[in-house]
Amino acid sequence: MTSFVSELLCPLFIFFSIIQSSLSQSNQYCDAGFEYESGSTTACGSGTAPSKLLIKGGTVVNAHHQQLADVYVEDGIIVAVEPSITVGDDVKVIDATGKYVMPGGIDPHTHLDMSFMSSGTIDDFFSGHAAALAGGTTMHIDFVIPVDGSLTAGYEAYERKAKKACMDYGFHMAITKWNDDVSREMEIMVKEKGINSFKFFMAYKGALMVNDELLLEGFKRCKSLGALAMVHAENGDAVDEGQKRMIELGITGPEGHALSRPAVLEGEATARAIRLANFVNTPLYVVHVMSIDAMEEIAKARKSGQRVIGEPVVSGLVLDESWLWHPDFKTAASYVMSPPIRSKGHDKELQAALATGVLQLVGTDHCAFNSTQKALGIDDFRKIPNGVNGIEERMHLVWDTMVESGQISVTDYVRVTSTECARIFNIYPRKGAILPGSDADIIILNPNSSFEISTKSHHSRLDTNVYDGKKGKGKVEVTISRGRVVWENNELKVTPGTGRYIPMQPYSYVFDGLDKKDATYLSSLKAPVKRAKSSS
């Protein structure tokens, strides 16, 4: 997540530097028609959009089952999943023999076109979507930031930003202050705008950080609306103290970022949020779980029966903090995010927690700032915009890290990259499934093919990539977005404006049975006690 304090300090000249840097990158976008170049691949236009499509001979994988079957699609909807479907000549046929046919990935945690003064994240709802589709992700849920505390103004701003969308998307909403207007607007967001989750920042003191009083009010309101409460869990007061300590010690480089906000502060905030959610008796979603400390608090709560969801992100699963000590500032600064990427050992424990169900789904926190923007903090790590990439790389890295290593099954892979997100945010089985009636958001993954991640060939507008040089097995060879073939033969074909907003209804399965728990609590109080009034 971005450091909003540093963003507020951005001078105007940064804007012009960003524009110049963007135009000089190898990945170019032509706004007139949105022509798109990446490496040796050029693609423009609407992509292949047949009304009828047959995916033949693959292994169809859902979160609960896999089978050899064909998948027949008409007008963007899956019509049939059966062996040996026969079709006419008017149907486009894709041969998936020896490959997996899966639901497209759903990324639950992104920040596209997030604007602050004269700067903002480098990927918007076109370039970010292009990158996602090339990597096998067909939907994401982005965080709407209120405008001057107004949820409605924030929502309307993001509606405008998303007009260039080329895949489906949904919204979470951040809550940054509390009053009666915010409470009323939360109801509007849930009942009229299709938002069923609200995020509370326990970090970023002086900008977005909320105190415990606001957190409690927000949790209560979320519960009353059937909306999921989400937290960025770091102790903002302690982080502020840690930053001052590093500066006093003369540690001003990117390594100071990690040193100023150790894992214990993530663990403390996670534990506090969990206990407050338990006090209110509402489900809790902890975003970007980066440490053993936070993971263990989630494990303990889940073991006790509390409804807590833990979301690791790809950077936490596959990277370690050593890059922050790199002697080249540009390289080191590209790895700055919050909570920080942790030391070796945390990654393996987070992988194990994902494999055993302690953590439930994988996001990215894709929040891309280029090297010019990161250079804001060349003399003070507190001014480095926080964020790394991942929206294009997630599906490949999770497959290679978790499936190829034998830690999870192919069906589990579908669950953690797509289905569980759809279930948590109440859009299953429209999304997250290869079933008749589901949207035809489909990927074809070749487990015997290899991938290599490169800054030169990725589809983000970034001039860096924290996964640059990583290689592995399991490549997404075809991506289909609502029946349109948008990625095939290493060629991307996308069109701005073809993406749809997906409203998400309240009261997903994580709320099931909470009313019974409330009733049990009330009956256990044995109060109020009727007492005789004293006759003095």
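**Exercise 1. Find the bridge partner of Val61 in β5, then work out how β4 is paired.**

Step 1. Look across from Val61: its bridge partner in β5 is Gln66. Before going on, note that this is a predicted model, where local features need pLDDT of at least 70, side-chain atom pairs count only at pLDDT 80 or more, and totals for chains, interfaces and linings use all residues. Residues are numbered from 1 along each chain as its sequence is written, and side-chain values use heavy atoms, with hydrogens and water left out.

Step 2. Widen the view to the two strands. β4 covers residues 52-61 and β5 residues 66-74, and the two pair in the antiparallel sense over eight bridges. Strands here are DSSP runs of E, at least two residues long, and helices are runs of H or I of at least four residues, all numbered from the N terminus. Two strands pair if DSSP finds at least two bridges between them. With four residues between them, β4 and β5 form a hairpin.

Step 3. Now check for further partners of β4. Strand β7 (residues 92-95) pairs with β4 in the parallel sense over four bridges, and Leu53 has Lys92 as its bridge partner there. Strand β8 (residues 100-103) runs parallel to β4 and is joined to it by two bridges; Thr59 is matched with Tyr100.

Step 4. Finish with burial, meaning under 20% relative accessible area (exposed is over 50%, partly exposed in between; 1.4 Å probe, protein chains only). Seven of the 10 residues of β4 are buried, so the strand is mostly covered.

**Exercise 2. Write down the strand order of the open seven-stranded sheet and place its helices.**

Step 1. The order reads β9-β12-β13-β14-β15-β16-β17, with parallel pairing. The edges are β9 (105-110) and β17 (308-310), each of which pairs on one side only. On average, neighbouring strands are turned by 25° against each other, direction ignored.

Step 2. Zoom in on one pair. β13 (residues 168-175) and β14 (residues 197-201) are parallel over three bridges, and Ala174 stands opposite Lys199 in β14.

Step 3. Add the helices. α6 (residues 212-225) packs on the sheet and touches β13, β14, β15 (228-232) and β16 (284-286), its direction making about 175° with that of β14. α4 (residues 151-161) lies across β12 (137-144), β13 and β14, at about 155° to β13. For these numbers, axes are lines fitted to C-alpha atoms, for helices over the stretch in contact, and angles run from 0 to 180 degrees between N-to-C directions. Contact means heavy atoms within 4.5 Å.

**Exercise 3. Classify the crossing of α4 and α5.**

Step 1. The axes of α4 and α5 (residues 180-192) come within 9 Å and cross at roughly 40°.

Step 2. Pick the class: under 35 degrees is roughly parallel, over 145 roughly antiparallel, 65 to 115 roughly perpendicular and the rest oblique. The two helices are therefore oblique to each other.

Step 3. List who meets whom. Leu151, Thr152 and Tyr155 in α4 meet Val182, Glu185, Met186 and Met189 in α5. By class, that contact has five nonpolar, one polar and one charged residues. (Nonpolar covers Ala, Val, Leu, Ile, Met, Phe, Trp, Tyr, Cys and Pro; charged covers Asp, Glu, Lys and Arg; the others, Gly among them, are polar.)

**Exercise 4. Name the residues with the most contacts inside the largest nonpolar core, and follow one of them.**

Step 1. A nonpolar core is a set of buried Ala, Val, Leu, Ile, Met, Phe, Trp, Tyr and Cys residues joined through side-chain atoms within 4.5 Å. The largest has 111 residues, and Phe198, Phe200, Phe219 and Val231 have the most contacts inside it.

Step 2. Follow Val231. Leaving out residues up to four places away in sequence, Val231 touches Phe200, Met202, Leu215, Phe219, Ala273, Leu284, Tyr285, Val286 and Val287. Another core, of 20 residues, lies apart from the largest one and includes Leu228, Val287, Leu361 and Ala422.

**Exercise 5. Decide whether Ser371 is buried or exposed, and find what it touches.**

Step 1. Ser371 sits in helix α14 (residues 371-374). With a relative accessible area of 18%, Ser371 is buried.

Step 2. Ser371 touches Lys330 and Asp463, again not counting residues up to four places away in sequence. From Ser371 to Pro385 the C-alpha distance is 10.0 Å, and the two are 14 residues apart in sequence.
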